[in-house]
Amino acid sequence: MQDYIIRATAGNGSVRVFVATTKNLAGKARELHQTTPVATAALGRLLTAASIMGATLKNDSDIITLIIKGDGPIGGIVATTNNQSQVKGYVFQPHVILPKNNIGKLDVGGAVGSGTLAVSKDLGLKEPVSGQVALVSGEIAEDITYYFAVSEQTPSSVALGVLVDVDYSVKQAGGYIIQVMPDADEAVLAHLEKHLPTLPSITTLLDEGNTPEDILALLFEGHDTVIYDKIYPAFACSCSLEKTRKVLLNVGLDELKLILEEDKGANLHCHFCNTDYYFDEDAIQEMIAGIEKQ
Ligand code: ZN
């Protein structure tokens, strides 16, 4: 199934809802970063959250970046999205190995540890809008729920999941975010409060063959859902050899000469997609000659 997010409301507009299936983008992230299962789950969950949050952005240049920093072995996770839910991200330590937690699941909370979640929204204003909260559990969904409550004053319910297969590939990934609108119908909220804890996990629902539309129906059981549109998220990095060359040119003539003299080349690494761009002696010399000619 192709990755997609549905944007919907329920209970006569009492809540807005996004339900996502993101197996492909989580799988792409795993492939690029060669992550171990617990790191695959951590990164896949944050990328899924980012892809949903991207669906709330209006302008083409808007960007949301989520940064988790923790004292656990994974160190941190970064994910960023644009308004088309094109996401990219990485974990600081992709090769972490941890035993499963006491409920037999990948121990994302243990890998992340205690720390902070920072959300920065670049909406084309002078300064990005940002908020930071302490991590609740490091399991990511709870941390994002807490961020919405504290920093955006929006009561939310967030579920995120990545199911890693025996061959370490991503078997299922997805999530939902439900946000309560002002003047929400109390009956719908009461339904959610009672009903959500009884539902299987998002990856179990997806693994049973449910689509995001099916999951929306399961969440609200007849409480008047309306689907507005579908968004197709993907893992996409915008780095390129040409952009990287410009970064290197911008360090200036003196610095380039130093690089040539001391290192005989330069390796620039894109953390987001784990790509190296290597510029050898000749390439650097050419850059210097180009600047000197100007
Ligand atoms: Zn890149």
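## Exercises on pockets, helix packing and domains

Strand E9 gives the most to the lining of the second largest pocket, supplying three residues. The model used in these exercises is predicted.

**Exercise 1. Describe the second largest pocket: its volume, its central residues, its contributing elements and its residue classes.**

Step 1. Start with the volume. The second largest pocket holds about 310 Å³ of space.

Step 2. Find the centre. The lining has 19 residues, and the closest to the pocket centre are Arg16, Thr56, Lys121, Glu152 and Gln179.

Step 3. List the elements. Strand E2 (15-21), helix H2 and strand E9 (170-180) give two or more residues to this lining. E9 leads with three residues.

Step 4. Sort by class. The lining splits into 11 nonpolar, three polar and five charged residues.

**Exercise 2. Do the same for the largest pocket, and state which element gives the most to its lining.**

Step 1. Take the volume. The largest pocket contains about 960 Å³ of space.

Step 2. Look at the centre. Of 38 lining residues, Arg45, Lys105, Leu106, Val162 and Thr203 are the closest to it.

Step 3. Assign the elements. At least two lining residues come from each of helix H2 (37-54), helix H4 (141-151), strand E8 (156-164) and helix H6 (202-207). E8 gives the most, with eight residues.

Step 4. Count the classes. There are 24 nonpolar, eight polar and six charged residues in the lining of the largest pocket.

**Exercise 3. Classify the packing of helix H5 against helix H7, and name the residues in contact.**

Step 1. Read the geometry. H5 (residues 186-195) and H7 (residues 212-220) pack at an angle of about 105 degrees. Their axes are 9 Å apart.

Step 2. Apply the cut-off. Angles of 65 to 115 degrees count as roughly perpendicular. H5 is therefore roughly perpendicular to H7.

Step 3. Name the residues. H5 contributes Val188, His191, Leu192 and His195. H7 contributes Leu218, Leu219 and Phe220.

Step 4. Sort the contact by class. It has five nonpolar residues, two polar residues and no charged residues.

**Exercise 4. Give the domain bounds of the chain, the distance between the domain centres and the residues in contact.**

Step 1. Set the bounds. The domain assignment gives domain 1 (4-235) and domain 2 (241-293).

Step 2. Take the distance. The C-alpha centres of domain 1 and domain 2 lie 37 Å apart.

Step 3. Count the contact. Domain 1 puts in eight residues and domain 2 puts in four residues.

How values were computed:
Residues are numbered from 1 along each chain as its sequence is written. This is a predicted model: local features need pLDDT of at least 70, side-chain atom pairs count only at pLDDT 80 or more; totals for chains, interfaces and linings use all residues. Side-chain values use heavy atoms; hydrogens and water are left out. Axes are lines fitted to C-alpha atoms, for helices over the stretch in contact, and angles run from 0 to 180 degrees between N-to-C directions. Helices (H or I, at least four residues) and strands (E, at least two) are DSSP runs, numbered from the N terminus. Angles under 35 degrees count as roughly parallel, over 145 as roughly antiparallel, 65 to 115 as roughly perpendicular and the rest as oblique. Contact means heavy atoms within 4.5 Å. Ala, Val, Leu, Ile, Met, Phe, Trp, Tyr, Cys and Pro count as nonpolar, Asp, Glu, Lys and Arg as charged, and the others, Gly among them, as polar. On a 1 Å grid over the protein atoms alone, a cavity is a set of points where a 1.4 Å probe fits but cannot get out, and a pocket is an open set with protein on both sides within 12 Å along at least five of seven lines; lining residues have an atom within 4 Å of a point. Grid points are joined across faces, edges and corners, and a volume is the space filled by probe spheres set on the points. Domain bounds come from an automatic or database domain assignment.
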